[in-house]
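Q: Got a minute to go through this one with me? I'd like to start with the aromatics and then wander.

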Amino acid sequence: LREAYTSIRKNPMMESNVYGGVITYLISTVTWSVRYCVQEAKSMLWCSITIRNDDENYNSIVDYISEFCETDKSNQMATTKKLKFDRKRWRNRWNGITEKTAPEMELRPTRNVMMSFIYKGHRIGLYRWKGETITTGYDRRPLTMETLTLTCFGRDNGILQDIIQEALEKKLQMSDGDINIYVLSSGWMGGWEMA
């Protein structure tokens with residue numbers, strides 16, 4: 001060991017490589033250890049579930065949170081409420097009878113803002129993040145990527161799973177008893193899609 005040390009001390013090129021390697025190793029070990037400790041502490045205190053907008057249930061979860069949970073009233077986005085097109089409206093439209101009603105607006109959580117609400121005695125954080133816009137399909141239709149992150153304190157994300165499950169059950173209850181109308185898809189693969 002003493003001979004290796006003396007040979008390293010005699011050769012400046014070898015000395016700079018060895019000392020640089022040792023310093024780099026120590027810094028990377030300390031950095032990795034700190035990151036690991038922070039990640040472990042974070043996982044003990046905080047849990048989250050992220051849902052992307054390409055999931056078919058994304059809109060029903062956002063609707064459930066905006067309709068049934070008391071969100072921050074100062075940060076909401078207004079969108080025109082779409083009327084459900086049932087048989088009565090269809091027949092009236094076919095017969096030339098039009099309904100003159102003012103359009104309704106529905107409020108949903110806005111994008112790129114952290115919001116919170118109370119759900120079953122737990123404070124839930126909500127972050128709806130708008131990502132980049134990409135073009136997809138043969139008709140080059142723009143699609144904005146978006147994620148919804150639900151967070152809460154603690155290690156158990158069961159309360160977040162309960163919110164998602166209740167949103168899906170609410171969607172199922174709303175679709176019960178409806179007549180679903182399917183039309184031929186205009187996509188290149190064909191097939192049927194819900195109207």
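Q: How many residues apart in helix 2 are Trp 32 and Tyr 36, and what is that in helical turns?
A: They sit 4 residues apart in helix 2, which means a separation of about one helical turn. Keep in mind that this is a predicted model.

Q: OK, and what kind of aromatic pair do Trp 32 and Tyr 36 form?
A: A stacked one, at 5.5 Å centre to centre with 15° between the planes.

Q: Is Trp 32 buried or exposed? And where does Tyr 36 fall?
A: Trp 32 is exposed at 58% relative accessible area, while Tyr 36 counts as partly exposed at 45%.

Q: How many aromatic pairs does the structure hold?
A: There are 2. Besides Trp 32 with Tyr 36, Trp 46 and Phe 153 make an edge-to-face pair, 4.5 Å centre to centre and 80° between the planes.

Q: Which strands do Trp 46 and Phe 153 lie in?
A: Trp 46 is in strand 1 and Phe 153 in strand 6, so their pair ties together parts that are 107 residues apart in sequence. Trp 46 is partly exposed, with 32% relative accessible area, and Phe 153 is exposed, with 60%.

Q: Let's do the sheet, then. What's the strand order?
A: It's an open sheet of 4 strands, ordered 1-6-5-4, with antiparallel pairing. Strands 1 and 4 stand at the edges with a single partner strand each, so each has one side without a neighbour in the sheet. On average, neighbouring strands are turned by 25° against each other, direction ignored.

Q: How many bridges are there between strand 1 and strand 6?
A: 7, in the antiparallel sense. As one example, Ile 51 has Leu 148 in strand 6 as its bridge partner.

Q: Which strands does helix 2 touch when it packs on the sheet?
A: Helix 2, residues 12–45, touches strand 1 and strand 6, and its direction makes about 85° with that of strand 1.

Q: Switching to the core. Which residues touch the most other members of the largest nonpolar core?
A: Ile 65, Ile 124, Leu 150, Leu 160 and Ile 163, out of 21 residues in that core. The elements giving it two or more residues are strand 1, helix 3, strand 4, strand 5, strand 6 and helix 5.

Q: What is Leu 160 in contact with, neighbours within four places in sequence aside?
A: Cys 47, Ser 48, Ile 49, Ile 124, Leu 150, Thr 151 and Cys 152. Ile 124 and Leu 150 are also among the core residues that touch the most other members.

Q: Where does Asn 57 lie?
A: In the loop between strand 1 and helix 3, which spans 58–68. Asn 57 is buried, with a relative accessible area of 18%; the cut-off for buried is under 20%.

Q: What does the Asn 57 side chain make a polar contact with?
A: With the side chain of Lys 171, at 3.0 Å. Setting aside neighbours within four places in sequence, Asn 57 is in contact with Leu 168 as well as Lys 171.

Q: Last one: what's the phi of Lys 120?
A: About 50°, so a positive phi on a residue that is not a glycine. Most residues other than glycine have a negative phi.

Q: Where is Lys 120, and is it buried or exposed?
A: Lys 120 is in the loop between strand 4 and strand 5, and it is exposed, with a relative accessible area of 53%.

Notes. Residues are numbered from 1 along each chain as its sequence is written. This is a predicted model: local features need pLDDT of at least 70, side-chain atom pairs count only at pLDDT 80 or more; totals for chains, interfaces and linings use all residues. Side-chain values use heavy atoms; hydrogens and water are left out. Buried means under 20% relative accessible area, exposed over 50%, partly exposed in between (1.4 Å probe, protein chains only). A polar contact is a pair of N or O atoms within 3.5 Å; within protein, one must be able to donate a hydrogen and the other to accept it, and residues adjacent in sequence count only if both atoms are side-chain atoms. Contact means heavy atoms within 4.5 Å. Two strands pair if DSSP finds at least two bridges between them. Axes are lines fitted to C-alpha atoms, for helices over the stretch in contact, and angles run from 0 to 180 degrees between N-to-C directions. Rings of Phe, Tyr and Trp (its six-membered ring) pair if their centres lie within 6.5 Å; planes under 30 degrees apart count as stacked, over 60 as edge-to-face and the rest as tilted. A nonpolar core is a set of buried Ala, Val, Leu, Ile, Met, Phe, Trp, Tyr and Cys residues joined through side-chain atoms within 4.5 Å.
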